[in-house]
Amino acid sequence: MPTNANAEAAWTYHEATKHSYTSVRTNPHFLDFANQPLPFKVYPALEPSRMPTEVRQTGVAALSAIAASIPVQTNIAPDLQAVAQLLYLSAGITRQRKYSGGEIYFRAAACTGALYEVELYLVCGDLANLPAGVYHFAPAEFGLRRLRAGDYRSVLVDATGSEPAIAHAPLTIVCTCTYWRNAWKYQARTYRHFGWDNGTLLANLLAVATALGLPAKVVCGFVDATVNRLLDVDSQREVAFSLVALGHDSGLSAQPASPSPTATQVLADVSPLGFETVPLSRDEIDYPLMREMHAASSLDSAEEVAAWRGRTAPDPTNTTGCPPPAGPIIQLTPLSDAEMPRDPIEQVILRRGSSRQFARTPISLTQLSTMLDRATRGIPADFLNPFGSQLNHLYLIVHAVEGLESGAYVFHRDRKVLECLKRGNFRDEAGYLGLEQQLPADAAVDIFFMADLRPIFDRFGNRGYRAVQLEAGILGGKLYLAAYAQRLGATGLTFYDDDVSRFFSPHAEGKSAIFLVAVGNSTKLRQ
Ligand SMILES: Cc1cc2nc3c(=O)[nH]c(=O)nc-3n(C[C@H](O)[C@H](O)[C@H](O)COP(=O)(O)O)c2cc1C
């Protein structure tokens, strides 16, 4: 029996993984460095083939790349160099730093605890300089390990109930998440991090795809068991979380095979691989709550997937889900294309790195407006239909923005205005809400993502929880890039869930805190 529709599991998980003043103080967890997981998945028996390392300069401004997407039916396929560019700028190693316990390999996108639990796989037909196959991306070697030779795209077409972008894609990137690599530090809250960390990675990937002229679509609706089997991951440890269709080939048929094969038939065609992988740690601690959440949000058949897809909200005219402003409003003043900084996407991704300290100096209303405007112009995703729908709402605590009184605001994306909810200096409160850290207290502005989970769960079942976290991660990743494109700093942050909702209430009554990004002037900024 499909379980996705009954959202009890998502509510249970959400409530059980909230941070509060008390939960943080009563949690006996400590970091066992002797048992720290490996940062990479290693297949010792498979030699990776290296990819070209030269970063092709597209010259496309980051602020354009994050805001736009390529029309769906543009016929184009990536070549190996484009594949290398997509992988490097979303999940490649961009910096490394020695510390007493070893070395940290920092990657292109921000990730909780720099633990990098997201793995990338390619499923492609024949591309220029890359034969058809299923590949694992090995960031340490900057190479690809071929897991299967031949064209397995039809398995993804079946798994997604013939999702049109997947059916026409020369290449699909499958993102998986590995529980233990992140749960070592964050315990059961890691399942939320899957969405956040996969999301920041996708913000980069989507922007680079746009800069390369590739249509891209994020797909969350798929038969989990089929995709996991295709990659041959141990689904007790690692699970497919999102797919990204890249490129378009109008010559491919979008029609499902008739009669459409059952998930069991598709699975039977995909043999297990049984490749050995190096254990991540001496031993792993299991947090069953996450696996329960994952199982309850899994889709079991192509029919269930096809029924899951569709309009985001029952009312297609309501793509924002926010009541009209009732308080004082401030018109945003974003830069136009002609006025905006033109730093290219490649440069901005390599410049990005989470701010470790903010100067308490102001940013301008134009900078803030440009970030909000550019980051929220729509994400091509199967759960955001029509294009431009959004599950999360943006609430702000403004500390230092020239031309804007300090206080709490809600962003009305459709009108490009901020509605003032309360005025005041809330630096201390923001520091507290961001888990008593200094960064949100010192930032110029803290941007909270909040969502009313009830209609999302009514519409998408438990899987809506994956979607809402992923969307917040993508929006947060875009905010990061929009900040660094303007030579500002940013950092993702975690938070005290219910205290955030209380702070923004009554306006945010009934909404849950999903994610937080702080923006300001970093005391250090790479060039
Ligand atoms: C979802 C998310 C949550 C984060 N939460 C925190 C946080 O609570 N405190 C903090 O200091 N950094 C936080 N960070 C920043 C990460 O520690 C940082 O991304 C990671 O160390 C990698 O470094 P980089 O972003 O400079 O590449 C967060 C990042 C993300 C993406």
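The legends below describe close-up views of a predicted model. Residues are numbered from 1 along each chain as its sequence is written, and side-chain values use heavy atoms, with hydrogens and water left out. Local features need pLDDT of at least 70 and side-chain atom pairs count only at pLDDT 80 or more, while totals for chains, interfaces and linings use all residues.

**View 1. Strand 7 and the strands that pair with it.** Strand 7 (residues 171-178; strands are DSSP runs of E, at least two residues, numbered from the N terminus) is largely enclosed by the rest of the structure, because 8 of its 8 residues are buried, that is, under 20% relative accessible area with a 1.4 Å probe, counting protein chains only. Leu171, Ile173, Cys175 and Cys177 are buried on one side, and Thr172, Val174, Thr176 and Thr178 on the other. Strand 7 pairs with strand 4 (residues 118-124) in the antiparallel sense over 7 bridges, where pairing requires that DSSP finds at least two bridges between the strands. Strand 9 (residues 238-246) also runs antiparallel to strand 7, joined to it by 8 bridges, and Thr172 has Ala245 of strand 9 as its bridge partner.

**View 2. Polar atoms around the ligand.** An N or O atom in the side chain of Arg95 is 3.0 Å from an oxygen atom of the ligand, and a backbone N or O atom of Cys111 lies 3.2 Å from a ligand oxygen atom. A polar side-chain atom of Gln437 lies 2.8 Å from a nitrogen atom of the ligand.

**View 3. Strand 18 in the shell around the ligand.** The largest share of this shell, 3 residues, comes from strand 18.

Definitions and conventions: Buried means under 20% relative accessible area, exposed over 50%, partly exposed in between (1.4 Å probe, protein chains only). Helices (H or I, at least four residues) and strands (E, at least two) are DSSP runs, numbered from the N terminus. A polar contact is a pair of N or O atoms within 3.5 Å; within protein, one must be able to donate a hydrogen and the other to accept it, and residues adjacent in sequence count only if both atoms are side-chain atoms.
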